[in-house]
Amino acid sequence: MSSFQFTLLATDGGARRGELRTPHGVIQTPAFMPVGTRGAVKAITHRDLIDLDAQIILGNTYHLYLKPGDDLIARMGGLHAFIGWNRPILTDSGGYQVFSLASMRKIREDGAEFRSHLDGSLHLLTPEKATDIQARLGSDIAMVLDECVASTSEKEPVREAMLRSARWAARARARWCQLRDHGDPAVRVTNPGQAQFGIIQGGVHPDLRTESVQRTTEIGFEAYAIGGLSVGEPPEVTYEVVGHTAPQLPEDRPRYLMGAGMPDDLFECVARGIDMFDCVLPTRNARNGQLLTSTGPLVIKNARYAEDPLPPDPGCGCYTCRHFSRAYLRHLYIAGEMTGATLATIHNLYFYLDTMRRIREAIVFGSFERLRQEFHQTFSRRPQQ
Ligand SMILES: [Zn+2]
């Protein structure tokens, strides 16, 4: 009996309410995963995350592999023990950061060669190596290495990257099975119950997405993610690709949309059958002074908030909104006080996690469509003036 199990509890239109069992606890879906890049969600502590009831966080393999290194983390008992977080963790494969951060990258059939953005050292990330690194980290959910291409690319390079990603996925799965069944003295596995997700690629081309689904589900993973979206394409295009791809994925497995998105994206993609999300947006925007509220983004540095006694979002129940005014948060931001980033991050994550809670509740009561309409009526993507 695997320690990884997904149970579909209810559906409402295309929206799904589920429960995902992992070695470090149960995740209620649809779920949003805060990003803890280097073993920490920037600007806040794990205690804040527990208060916010974050069910799972994400760690970035690329960063942890370079610093402090997966071997060191394995010797410290794995990522959960090392960072002192005993709820579920998902790690990405490192591929996305190789494509977006590394100072040099060369894609070869065996893997991605790159230079570290920290010290220029040369590395080769293969599907097997990305699997080994994540086995040492001991996340509850590991991702396969895939090739990311710009969504604006011509179709042929997108097709080639999709096919290579499928070949890499087969190698990553073979390595994962080898570690599970026979072990390898060179790899200290710190979480024997780790699951591995495959990733669907194919850019904005429906036929390529369909082919990627066929090739990836044929290999067989605990679950599947949709990658290569939310990389600058218009939201309608994201929704179209998700709406085309998600229904083709196995119904009894969670579906994870990587890197999405704005609060309205959560609603639109849940409506199309997505169960899991991650995005740096709530945390990154918080540090840049942008608070995401039920009516839209609020740019806290604006002079109009200098003497505004209201909380960031009068309807919000978070620690920040219950105690502090826009005027104070603006002052902290302008003065460069770290507490400003902390309070903004707490609010933004609360907004995301609370939105997911309300979505989960609505699906159970069959009122998801009404909640979705209500949300769109008040929320606007444009910062408030
Ligand atoms: Zn708040």
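This is a short tour of one protein chain, from the whole fold down to a single pair of helices.

**The whole chain**

Start with everything shown. Keep in mind that this is a predicted model. Display the cartoon: the protein chain has 15 helices and 16 strands. Turn the view along the principal axes, and the C-alpha atoms fill a box of roughly 60 × 45 × 45 Å. The radius of gyration is 20 Å, which agrees with the value near 21 Å for a compact globule of 385 residues.

**Inside the fold**

Next, colour by burial. Of the 385 residues, 50% count as buried. Then look at contacts between residues with a separation of 6 or more. Residues 24 or more positions apart make up 68% of those contacts.

**Two helices, α13 and α14**

Now select residues 326-335, which form helix α13. Add residues 338-365, which form helix α14. Two packed helices are described by the angle between their axes and the distance between the axes. Here the axes come within 7 Å and cross at roughly 130 degrees. An angle of that kind falls outside the parallel, antiparallel and perpendicular ranges, so α13 is oblique to α14. The crossing of the two helices is left-handed.

**The meeting point**

Show side chains where the helices touch. From α13, pick Leu 329, Leu 332 and Tyr 333. From α14, pick Thr 339, Gly 340, Leu 343 and Ala 344, which those α13 residues meet. Which classes of residue form this contact of α13 with α14? Colour by class to see five nonpolar, two polar and no charged residues.

How values were computed
Residues numbered from 1 in each chain as written. Predicted model: local features only at pLDDT ≥ 70, side-chain atom pairs only at ≥ 80, totals over all residues. Helix = DSSP H or I, 4+ residues; strand = E, 2+ residues; numbered from the N terminus. Rg over C-alpha atoms; globule rule 2.2 N^0.38 Å. Buried ≥ 20, exposed ≤ 12 C-beta atoms within 10 Å, placed from the backbone. Contact = placed C-beta atoms within 7 Å. Axes fitted to C-alpha atoms, helices over the stretch in contact; angles between N-to-C directions. Parallel < 35°, antiparallel > 145°, perpendicular 65-115°, else oblique. Left-handed = near helix turned anticlockwise from the far one by under 90°. Nonpolar A, V, L, I, M, F, W, Y, C, P; charged D, E, K, R; others polar.
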